[in-house]
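Trainee: I have just opened this one and would love a friendly tour. Could we go through it together, one question at a time?

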Amino acid sequence: MDRRKYLKTLAVGSVGAGVLLEACNTDKKPEATAAPAATELKYDRNAAEVIREAKLQAETFFDAHEMKTITVLADIIIPKDATSGSASEAGVPDFIAFIVKDMPRYQTPLRGGLKWLDLQCMNRFNADFASCTPAQQIELVDLIAYPEKAKPEHQQGVAFFNTMRDLTATGFFTSKMGITDLGYVGNQPNQWNGVPQDVLDQYGMKYDERTLEISVKFDA
Amino acid sequence: MPEFQIKKTQKAYDVCIVGSGAGGGMAAYVLANAGIKVVLLEAGPLYDPAKNVTQLKWPWESPRRGASTPLRNFGDFDAAYGGWELEGEPYTHKNGTEFDWFRSRMVGGRTNHWGRISLRFGPKDFKHRSHDGLGDDWPIGYEDVAPFYDKVDKLVGVFGSIENLPNEPDGIFLPPPKPRLHELFIKEGAKKMNIPVIPSRLSILTKPINKDRGQCFYCSQCSRGCTVHADFSSSSVLVKPAIATGNVDIIPNAMVREVLTNDEGKATGVSFVNKDDKQEYSVTAKVVILAASACESARLMLNSKSSRHPNGLSNSSDVVGRYLHDSTGADMGGIIPKLIGRKRYNEDGVGGMHVYTPWWLDNKKLNFARGYHIEYYGGMGMPGYGFGFGMQGTNGKYPGRDGKVKDAGGYGASLKDDYRYFYGAGFGMSGRGEAIALRDNYCEIDPNTVDKYGIPVLRFHYKWSDHEINQAKHMKETFAEIIHNSGGVVTWGNDGTKENQYGLEAPGRIIHEVGTTRMGNDPKQSALNKYNQAHECKNLFVVDGGPFVSQADKNPTWTILALSMRASEYIIDELKKQNL
């Protein structure tokens, strides 16, 4: 897959490149107060990137209460099940804490959305979202988790929850736990010798004679 | 001593090359192997994918899970440093027109992350004016370039299949990989419309071609650069062996200001600022080759004014910067419902499509002049940032494992399972077509703006014509039909209207910009002759995409490589004859 399409097709297929490629995102980054030592990242970083990573790592955006709320929400969105653990077990809250620093366009929608959620809960249950009972939390989430059924007065909550769902899913399924869960088995040296026969059979497909003749062959 | 001075490098070179991408890398390789002393200037840092590794890294190793950044626009693991905007190096636009300029400052340039789509131009592509009366014919034909395409095929390596199509010349091919599952669906769907779907032609080694480079191990990550050099990038395939000859001095982080000329108007070398020590330097050479990218080379020529070249170097024709054109682009994608809930296996394959569609129609029967090819993608790729986005637009549309359609969106165990369920069912396609080269689409020097080095910057003026807009409309209509015939459902990209030019990408976005220093037989109508040699400065050559008279419905790299090799052999010959 070429560079342009790589990220595009990672999504299930319902969104275009605009959402996925942050190519034109040139928002000003908040100034870091102190830069720690060079980043610990174990892949190629050029000189400018080393400086940028260190600045980002030194910043904090969400406070403790916001992080607590994000963690509760993330685990509601992706809970532990028979196959794998929960979003927080896969490190999703840390990912969200980082991505809002890396992509500042998320900062206001998420901070404001968390506040919106707390206010809704205060009015209904006299407690902030994270302090509500699990049943109360679900009652609130049900109002904003289904875009096509939600009431007009909850639209801002729907938009916030859509963003939380996106970031939680991306954070989970790009973690080691999530990729194992998903069953992605690539990213390793191998030989591509075509679609497995049982899969071809399942779909009633086959390679024509000429394709078999001209394609690269491997020793059995 | 003054605080500001220009240091001259003591060594005298035969040839100075500006830029180390496809064109500059090939020139360095050919000249160095002929024993010519070369200095290769690159505006970015050294880079070798075997040392600067992002290949086989997992998304969780990146705190942003592989998302793009302002410093790496195609993702955190992509090999290209840079992007549409570079800090301190602006460009501007005229009359509210659009042009996006992608710059990758590093050894190997944009070849480090390119799509490896390696298509020869066909006989018609060099003589389009003779066919449709638009643009201009090249001063050379396919027969002039064919021997060099052959040599590039053998030197670099490309897989493909012999098809005997009239305007898609076959090459010397390595065997192609078999199609992936979604590609088989596309092949069947397109067949119903008589649209050809043939093995792709990518410069990836499905068989070893020499002892210096490895063989593809099917990780699908050519865009990250290959640690075993099994794909083509100028850095690993050309620059590295060129340096190994001992005949090339490479100077990284050298931002060239201008080409220096003498009283006779001949090039004597270039001046540059070293980004590391911020000092000013000049280097002298008998021949100067520009390969800084179509627009950057034009910028250098326009900024190299002297009494002998008052309108910029070799520009009394006033064509330098003009006839700028990029490929057209439009995209669409969907889901193949049959592939929902599919069995898992490793289908990474090579880095890119295993099949593609070359242009198949006769433009005489259409309302636009030039063709396009179609690139396909999809399947079970490695998740990265963006995975799962927009599930609320998908899971309410298709029946789940229990056969029932649920409410869109949601949360919890049921939602978690949806990501597994829909994984690998997405696919899409992109058209890449030929635009008409127009004199009024250009880059010029902005009279008011300099970059952080004090170098005057480019100002762009670009408008698509009806040919490109109608072509995009045709792409969208065709894609929707292919998706339908492949058993798919369109989920994105089917939003073309007259107002949005049918989803036609802004010029520059396809990163195939060419034409700014075009070649020709008439010095009044062209900047270079048919050997990429400046009409008015015989020891100046341009070997990037600038010399193209017209971009075909192909990708430009293979032709840049062939023409650079051809120009380099001409330079060797002319140096021997002491003509330069």
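Trainee: Of the contacts in chain A with a separation of 6 or more, what percentage comes from residues 24 or more positions apart?

Mentor: Good place to begin, and please keep in mind that this is a predicted model. We take the contacts in chain A with a separation of 6 or more and ask which of them join residues 24 or more positions apart. The share of those contacts is 49%.

Trainee: How many helices and how many strands are there in chain A?

Mentor: Follow chain A along its sequence and you read α-α-α-α-α-α-α-α-α-α-α. The count for chain A is therefore 11 helices and 0 strands.

Trainee: Is A:Phe129 buried or exposed?

Mentor: Let's find A:Phe129 first: it sits in the loop between helix 6 (107-125) and helix 7 (134-144) of chain A. Leaving out residues up to four places away in sequence, A:Phe129 touches several residues, including A:Val72, A:Leu117, A:Cys121 and A:Leu140. There are 24 other C-beta atoms within 10 Å of A:Phe129, and a residue with 20 or more counts as buried. So A:Phe129 is buried.

Trainee: What percentage of the residues of chain A count as buried?

Mentor: Here we look at the whole of chain A, which has 220 residues. The part of chain A that counts as buried is 39%.

Trainee: Which element of chain B gives the most to the side that touches chain A?

Mentor: Across this interface, 94 residues of chain B are in contact with 77 residues of chain A. Among the elements of chain B that each supply at least two residues are helix 4 (181-191), strand 9 (328-335) and helix 7 (412-422). The residues on this side of chain B divide into 41 nonpolar, 37 polar and 16 charged. The element that gives the most, with 7 residues, is helix 7 of chain B.

Trainee: How is helix 3 of chain B oriented relative to helix 9 of chain B?

Mentor: The axes of helix 3 (residues 142-156) and helix 9 (residues 557-576) of chain B come within 9 Å and cross at roughly 105 degrees. Angles of 65 to 115 degrees count as roughly perpendicular. That crossing therefore makes helix 3 of chain B, relative to helix 9 of chain B, roughly perpendicular.

Trainee: How many residues of that contact between helix 3 and helix 9 of chain B are charged?

Mentor: Helix 3 of chain B brings residues including B:Phe148 and B:Lys151, while helix 9 of chain B brings residues including B:Trp558 and B:Arg566. In this contact 10 residues are nonpolar and none is polar. The number of charged residues is 2.

Note on methods: Residues are numbered from 1 along each chain as its sequence is written. Chains are lettered from A and ligands numbered from 1 in the order in which they are written. This is a predicted model: local features need pLDDT of at least 70, side-chain atom pairs count only at pLDDT 80 or more; totals for chains, interfaces and linings use all residues. Axes are lines fitted to C-alpha atoms, for helices over the stretch in contact, and angles run from 0 to 180 degrees between N-to-C directions. Helices (H or I, at least four residues) and strands (E, at least two) are DSSP runs, numbered from the N terminus. Angles under 35 degrees count as roughly parallel, over 145 as roughly antiparallel, 65 to 115 as roughly perpendicular and the rest as oblique. Two residues are in contact if their C-beta atoms, placed from the backbone, lie within 7 Å. Ala, Val, Leu, Ile, Met, Phe, Trp, Tyr, Cys and Pro count as nonpolar, Asp, Glu, Lys and Arg as charged, and the others, Gly among them, as polar. A residue is buried if 20 or more other C-beta atoms lie within 10 Å of its own, exposed if 12 or fewer, and partly exposed in between; C-beta atoms are placed from the backbone.
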